[in-house]
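Please work through the exercises below with the sequence and the coordinates open beside you, and attempt each task before reading its solution.

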Amino acid sequence: MTPLAPHITAFLRVRLPVERRASAQTCDTYAYAFQLLFAFASQQRGVPPSGLELEHLDAPLVLAFLAHLQQERGNGARTRNARLAAIKSFMRYVEHRVPAALEQIRRVLAIPLQRADRRIIRHLSVAEQQALLDAPDPTTRDGIRDRALCHLAIAGGLRVSELVGVRLDDVTFRGRYVDVLVRGKGRKQRMLPLWKEVADSLRAWLAVRGKARPPELFLNARGAPLTRSGAAYIVRTHRTTATARCPSLAGKPVSPHVLRHSCGMNILRATRDIRKVALWLGHEHQETSEIYVDGDPSEKLDVLRAVIPPTLRPGKFRPPDKLLAALRGDSLM
């Protein structure tokens, strides 16, 4: 039997951050996936997580774990596939360290990904975006912070990890405008020049932020860096307040990622260029930005105006006499 703890420790502390130079967000995501897996395996095998062995993580247990994610935790296919990708990455790492477990590892690697539905993206209309920006109270410190946070999310289209990861030295003011350095996925960086309205929001927050120790731009009430869950809570809270001004927000799930999608739709409608959407949002592949074309009805309206549909020969259906009689009820008496 092979103890699991030394291998998973080396994978998370050496393989990912040192050998592969994975980002901190990737390491956190992988660590959380194994936290869920080991808790499930501990319950199934009847041993504490520290006592798990590599042989415990066979293909049937991994399949049961993936079913647990979808059936009991309510995760979708994309989340299920992300957890499976973390497990497979670890198994590929272990197969060279524990050759005796090669057959077991190959069975885990053979587990297929699940196809996910491609649905229309959720986004906010211009009126809904404005209602959300007007919801925070500009006379309070938290309100100024929340307005700057939402404004940067909508204007810049930042992922929530990028949003809470913006540092003070990433923000550069150029007269009335502001440049924001965004550290994206896969250690990719991009510079976003933003409008003077965003610059004014950020200046207002910096004026009341104070000289706190953390380098992050956005802080919570205790002066610590704002977390991803904290940013999501702020957006949900102000969505409730904004519903009074914009009733269409009632019952609509609003998150930092919905604000990112709203930014993508704004850019597509303004430029009609999917390449600029990919550039602004930091998509590595242009195909990723095609979801905004699917969700923009104006693109389909252009087709309706440009294409002449085939015509149909005029005519209408004339029923036979027996059918008319049946409808009048003559044959039913």
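The exercises that follow concern helix packing and one pocket in a predicted model.

**Exercise 1.** Determine how helix 1 and helix 2 are oriented relative to each other, and which residues make their contact.

Solution. Begin with the axes: helix 1, residues 5–19, and helix 2, residues 24–45, pack at an angle of about 165°, and their axes are 11 Å apart. Because angles over 145 degrees count as roughly antiparallel, helix 1 is roughly antiparallel to helix 2. Next take the handedness, which for the crossing of helix 1 and helix 2 is right-handed. On the side of helix 1 the contact is made by Ile8, Phe11, Leu12, Leu16 and Pro17, while helix 2 brings Cys27, Tyr30, Ala31, Phe34 and Phe38. Sorting the residues of this contact of helix 1 with helix 2 by class gives ten nonpolar, no polar and no charged.

**Exercise 2.** Carry out the same steps for helix 4 and helix 5, giving the angle at which they cross.

Solution. The axes of helix 4 (residues 77–94) and helix 5 (residues 102–109) come within 10 Å and cross at roughly 155°. That angle makes helix 4 roughly antiparallel to helix 5, and the crossing of helix 4 with helix 5 is left-handed. From helix 4 the contact draws on Ile87, Lys88, Met91, Arg92 and Val94, and from helix 5 on Ile105, Val108 and Leu109. The classes in the contact of helix 4 with helix 5 are six nonpolar, no polar and two charged.

**Exercise 3.** Establish the angle at which helix 7 and helix 10 pack, and the make-up of their contact.

Solution. Helix 7 (residues 141–156) and helix 10 (residues 228–242) pack at about 100°, with axes 11 Å apart. Since 65 to 115 degrees counts as roughly perpendicular, helix 7 is roughly perpendicular to helix 10. Arg145, Asp146, Leu149 and Cys150 of helix 7 meet Ala231, Ile234, Val235 and His238 of helix 10. The contact of helix 7 with helix 10 comprises five nonpolar, one polar and two charged residues.

**Exercise 4.** Describe the second largest pocket by its volume and its lining.

Solution. The second largest pocket holds about 540 Å³ of space. Its lining has 22 residues, and Ala24, Gln25, Ser161, Gly165 and Arg167 are those nearest the centre. At least two lining residues come from each of helix 2, helix 8 (160–165) and strand 2 (177–183), and helix 8 provides the largest share, four residues. By class, the lining of the second largest pocket divides into seven nonpolar, seven polar and eight charged residues.

Definitions and conventions
Residues are numbered from 1 along each chain as its sequence is written. This is a predicted model: local features need pLDDT of at least 70, side-chain atom pairs count only at pLDDT 80 or more; totals for chains, interfaces and linings use all residues. Side-chain values use heavy atoms; hydrogens and water are left out. Axes are lines fitted to C-alpha atoms, for helices over the stretch in contact, and angles run from 0 to 180 degrees between N-to-C directions. Angles under 35 degrees count as roughly parallel, over 145 as roughly antiparallel, 65 to 115 as roughly perpendicular and the rest as oblique. A crossing is left-handed if the near helix is turned anticlockwise from the far one by less than a right angle, and right-handed if clockwise. Contact means heavy atoms within 4.5 Å. Ala, Val, Leu, Ile, Met, Phe, Trp, Tyr, Cys and Pro count as nonpolar, Asp, Glu, Lys and Arg as charged, and the others, Gly among them, as polar. On a 1 Å grid over the protein atoms alone, a cavity is a set of points where a 1.4 Å probe fits but cannot get out, and a pocket is an open set with protein on both sides within 12 Å along at least five of seven lines; lining residues have an atom within 4 Å of a point. Grid points are joined across faces, edges and corners, and a volume is the space filled by probe spheres set on the points.
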